[in-house]
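User: Hi! I am new to reading protein models and would like to learn how the labels are earned. Could you walk me through some of them?

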Amino acid sequence: MHDRSANVSWTKYTAFGLRIASELNLPELLLAEPEAVEDVVIRQADLTAWSGQLEQANFVMLGERFMFKIPGTAIYAVREGKEIEVSIFSGADPDTVRLFVLGTCMGVLLMQRRILPIHGSAVVIGGRAYAFVGESGTGKSTLAATFRQAGYQMVSDDVIAVEATASSAIVYPAYPQQKLGLDSLLQLEALRENKHARNSVMLQYTDLRMLAGELNKYAVPAVDEFFNDPLPLGGVFELVADSPIRALMREGELVAVTEQPLNVLECLHTLLQHTYRRVIIPRMGLSEWSFDTAARMARKVEGWRLLRDSSIFTASEVVQRVLELIRKEEKSYGSH
């Protein structure tokens, strides 16, 4: 049990396979049982003594603490994979404070616990988690939302927590919220209203909260479509947007989405390229660990690169192609 002040109000949450006791209100997270023994504590603390050593939004190791400062928001410290301390500046926006707790702080904490955070979205297909990674704007969250509309459960959006064991790679669910841009929300609403989407899940896109620090992005609850148990990583899809993609033919038809299988080295490169907050890994002294972990994952899972035409809305086509690839892979395994 962590040492916690008795005169402070604490709430128990669960996220990334961890039980969290927090002094800060974290409405994005699922509540844990009050009697649950916590793995992580999130507390307020006075960290201003280190302010002079922290340059603007710079990441530094100070003793056993990994620390950074967001001017006008807070100073953050993450220690030993067990504790997040937050020193909130006067007048700071609470949403922005939480944004960095649930983002950068949790990414650092996961790495301290030797769990690799991958930047992307993940959904459950056939009892496994499939990760979708790619540069900003390639449609990771939109694709996960389209899978949700098709009746599939979401595991994570933004940070995918993966632990490489001796025999497999395990994904720990994050929390039931997505970040979606206004354009994506409008396209998803149109997709739902389309006569071909009559069997889709009725997702609610009303009364949404705009995300602090994000241009035209909204917090979209996904509680009803969230899968909250660990499960094996089945594969990795790297999304690449071309505008427009060259005319492609498959089985005599023009398509807007095509795929390239990734070999082990290409899959390794993809995982390293899309590790969450990868620039801070050398400062934490975890370069060798992150490379070895990604290499073990690359040997255990299948990888594909999906090329899509970014000039049109292709999420439904990508969903269908992903399902075809997974079914084909399962048949291949079944024949051996």
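Analyst: Happy to help; below we set values against definitions, one label at a time. This is a predicted model, in which local features need pLDDT of at least 70, side-chain atom pairs count only at pLDDT 80 or more, and totals for chains, interfaces and linings use all residues. Residues are numbered from 1 along each chain as its sequence is written, and side-chain values use heavy atoms, with hydrogens and water left out.

User: Why is the contact between lysine 12 and glutamate 38 called a salt bridge?

Analyst: A salt bridge needs a side-chain nitrogen of Lys or Arg within 4 Å of a carboxyl oxygen of Asp or Glu. The closest N and O atoms of lysine 12 and glutamate 38 are 3.8 Å apart, so the pair qualifies. A search of the whole structure finds 12 salt bridges.

User: What makes aspartate 39 buried and arginine 19 partly exposed?

Analyst: Good question! Buried means under 20% relative accessible area, exposed over 50%, and partly exposed in between (1.4 Å probe, protein chains only). Aspartate 39 has 19%, so it counts as buried. Arginine 19 has 38%, so it is partly exposed. The side chains of aspartate 39 and arginine 19 also meet in a salt bridge, at 3.2 Å from N to O.

User: How do you know that arginine 321 is buried?

Analyst: The relative accessible area of arginine 321 is 11%, which is under 20%, so the label fits. Arginine 321 forms a salt bridge with glutamate 259, at 2.7 Å from N to O.

User: Why is the pair of phenylalanine 16 and tyrosine 175 called edge-to-face?

Analyst: Rings of Phe, Tyr and Trp (its six-membered ring) pair if their centres lie within 6.5 Å; planes under 30 degrees apart count as stacked, over 60 as edge-to-face and the rest as tilted. Phenylalanine 16 and tyrosine 175 are 6.2 Å centre to centre with 80 degrees between the planes, so they form an edge-to-face pair.

User: And what makes tyrosine 130 and phenylalanine 237 a tilted pair?

Analyst: Their ring centres are 6.3 Å apart and their planes 50 degrees, so the pair is tilted. Tyrosine 130 and phenylalanine 237 also belong to one aromatic cluster, with Phe132, Phe147, Tyr152 and Trp304.

User: Why are tyrosine 130 and phenylalanine 237 called buried?

Analyst: Tyrosine 130 is at 4% relative accessibility and phenylalanine 237 at 0%. Both values are under 20%, so both residues are buried.
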